[in-house]
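The exercises below are meant to be worked with the sequence and the model open side by side. Try each task before reading its solution.

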Amino acid sequence: MVNTEKFIIKSIAEIKTAAGDDKVVMALSGGVDSSVCAALAARAIGDNLIPIYIDTGLMRKGETERIRTLFSHIHLQIVDAGDEFLTSLKGICDPEDKRKAIGERFIRVFEREAKKQGAKCLLQGTIYPDRIESEGGIKSHHNVGGMPLHMEFTKVIEPICDLYKDEVREVAGALGLPREIQHRMPFPGPGLAVRVLGEITKEKVDIIREANWIVEDELVEKYQPWQCFAALLGLGTGVKGDNRIHGWIVAIRAVNSRDGMTADPLDIPFEHLVKIGSRITADIPRVARVVYDITAKPPATIEYE
Ligand code: XMP
């Protein structure tokens, strides 16, 4: 575990040195990692920091509005890039290719915004597990292995790239960030795209966004899991009304973990699982089947791709 106070002082000094007098754009998603980075960077370089939230169209229900409210006290730029991301993902089925397409699109949008602002550096909230999993060939996190080889940025600053998630949460506490941010469930940068198996379409994203909202609504407050969400697995047969349908299969995933490197499935009472299943199939007409994922990490990962 890092010494939190020492880390904060050292990190602010390092950001100051790395940025110099340059303007820096940063990806602020509203999760604990990017919020900690924003707080450190604001202390280090003040107005030279340009926080940007990119709405990828792969965000959770109500997320963009939440961010708008949460960060109404700072000058946060919100960029609507939903169509661009969908276009970049068209026809791509392989998980690694999807992550790379998303990583590249993020960078291109940031480059465009940086050019408008005269910024040369990019700051992002990569954490240690993102690096080990990308470098170890487990998967290319969108902000590490998923980044394009050629970028217009002269420098990428990653203030928390040596920290685990629980350490980031400690730093968030020491920086006085709101509890809502400090203890917010992790949400991956590629968003709902890694919760839809195979090709991304607007229809699939809309379905999983709704199912995800139901899962969070049912589980977050009651069990406070480390992470919980819904994933879209594929199509299967079902019966709705008098009709046999080819409907979507949704998986519920809920885990406890310390740092995301290992995880255990949450022990949810069976009746509650059945209730969530019924709510999902009733509220989302195109869903025919709901399953509960009982796999630990390892051998499964937490996300589906
Ligand atoms: P996995 O699926 O690798 O997830 O067991 C471990 C933790 O990392 C999050 N995750 C990501 N976060 N970009 C991110 O910002 C990514 O590409 C990414 N992939 C996984 C995941 O939500 C979990 O908390």
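The model used here is a predicted one.

**Exercise 1. Describe how α9 passes α10, and work out which residues make the contact.**

Solution. Begin with the handedness, which for the passage of α9 across α10 is right-handed. Next list the residues on each side: α9 contributes A211, W213, I214, V215, D217, E218, L219, K222 and Y223, while α10 contributes H272, K275, I276, R279, I280 and D283. Sorting these residues by class then gives eight nonpolar, one polar and six charged. The geometry completes the picture, since helix α9 spans residues 202-223, helix α10 spans residues 270-283, and their axes come within 9 Å and cross at roughly 155°. Because an angle over 145 degrees counts as roughly antiparallel, α9 and α10 are therefore roughly antiparallel to each other.

**Exercise 2. Follow I214 from its helix to its surroundings, and decide whether the residue is buried or exposed.**

Solution. The first step is to place I214, which lies in helix α9. Its relative accessible area is 0%, and because buried means under 20%, I214 is buried. The next step is to look for partners beyond the residues within four places in sequence, and here I214 is in contact with I276, R279, I280, D283 and I284. Of these partners, I276, R279, I280 and D283 also appear among the α10 residues that meet α9. As a last step, take a distance to another part of the chain: I214 and L49 are 165 residues apart in sequence, and their C-alpha atoms are 36 Å apart in space.

**Exercise 3. Characterise the packing of α4 with α5, giving the crossing angle, the handedness and the contact residues.**

Solution. Start from the axes: those of helix α4 (residues 82-89) and helix α5 (residues 95-117) come within 9 Å and cross at roughly 145°. The crossing of this pair is right-handed. The residues that meet are E84, F85, S88 and L89 on the α4 side, and K98, A101, I102, R105, F106, V109 and R112 on the α5 side. Classified by type, the contact of α4 with α5 holds six nonpolar, one polar and four charged residues.

**Exercise 4. Determine how α1 and α7 are oriented with respect to each other, and name the residues that join them.**

Solution. The axes of helix α1 (residues 4-19) and helix α7 (residues 165-174) are 10 Å apart, and the two helices pack at an angle of about 80°. Because angles of 65 to 115 degrees count as roughly perpendicular, α1 is roughly perpendicular to α7. The contact itself is formed by T4, E5, F7 and I8 of α1 together with E170, V171 and A174 of α7. By class, these residues divide into four nonpolar, one polar and two charged.

**Exercise 5. Find the backbone features at Q224, P298 and P299, and state where each residue lies.**

Solution. Take Q224 first: its phi is near 45°, a positive value in a residue other than glycine. Q224 is found in the loop between α9 and β6, the latter covering 227-240, and at 64% relative accessibility this residue counts as exposed. Turning to the prolines, the peptide bond that joins K297 and P298 is cis, with omega about -15°. The bond from P298 to P299 is cis as well, and its omega is near 10°. P298 lies in the segment after β9 (287-292), and P299 is likewise placed in the segment after β9.

**Exercise 6. Compare the loop residues G191 and M151 by accessibility, then examine the cysteines C93 and C228.**

Solution. G191 sits in the loop between α8 (179-182) and α9, and at 0% relative accessibility it counts as buried. M151 belongs to the loop between α6 (128-135) and β5 (155-157), and at 27% it counts as partly exposed. Leaving aside neighbours within four places in sequence, M151 is in contact with I107, R108, E111 and V156. For the cysteines, C93 is partly exposed at 45% relative accessibility, whereas C228 is buried, with a relative accessible area of 1%. As a final check, a search of the whole structure finds zero disulfides.

Key: Residues are numbered from 1 along each chain as its sequence is written. This is a predicted model: local features need pLDDT of at least 70, side-chain atom pairs count only at pLDDT 80 or more; totals for chains, interfaces and linings use all residues. Side-chain values use heavy atoms; hydrogens and water are left out. A disulfide is a pair of cysteine sulfur atoms within 2.5 Å. Buried means under 20% relative accessible area, exposed over 50%, partly exposed in between (1.4 Å probe, protein chains only). Axes are lines fitted to C-alpha atoms, for helices over the stretch in contact, and angles run from 0 to 180 degrees between N-to-C directions. Helices (H or I, at least four residues) and strands (E, at least two) are DSSP runs, numbered from the N terminus. Angles under 35 degrees count as roughly parallel, over 145 as roughly antiparallel, 65 to 115 as roughly perpendicular and the rest as oblique. A crossing is left-handed if the near helix is turned anticlockwise from the far one by less than a right angle, and right-handed if clockwise. Contact means heavy atoms within 4.5 Å. Ala, Val, Leu, Ile, Met, Phe, Trp, Tyr, Cys and Pro count as nonpolar, Asp, Glu, Lys and Arg as charged, and the others, Gly among them, as polar.
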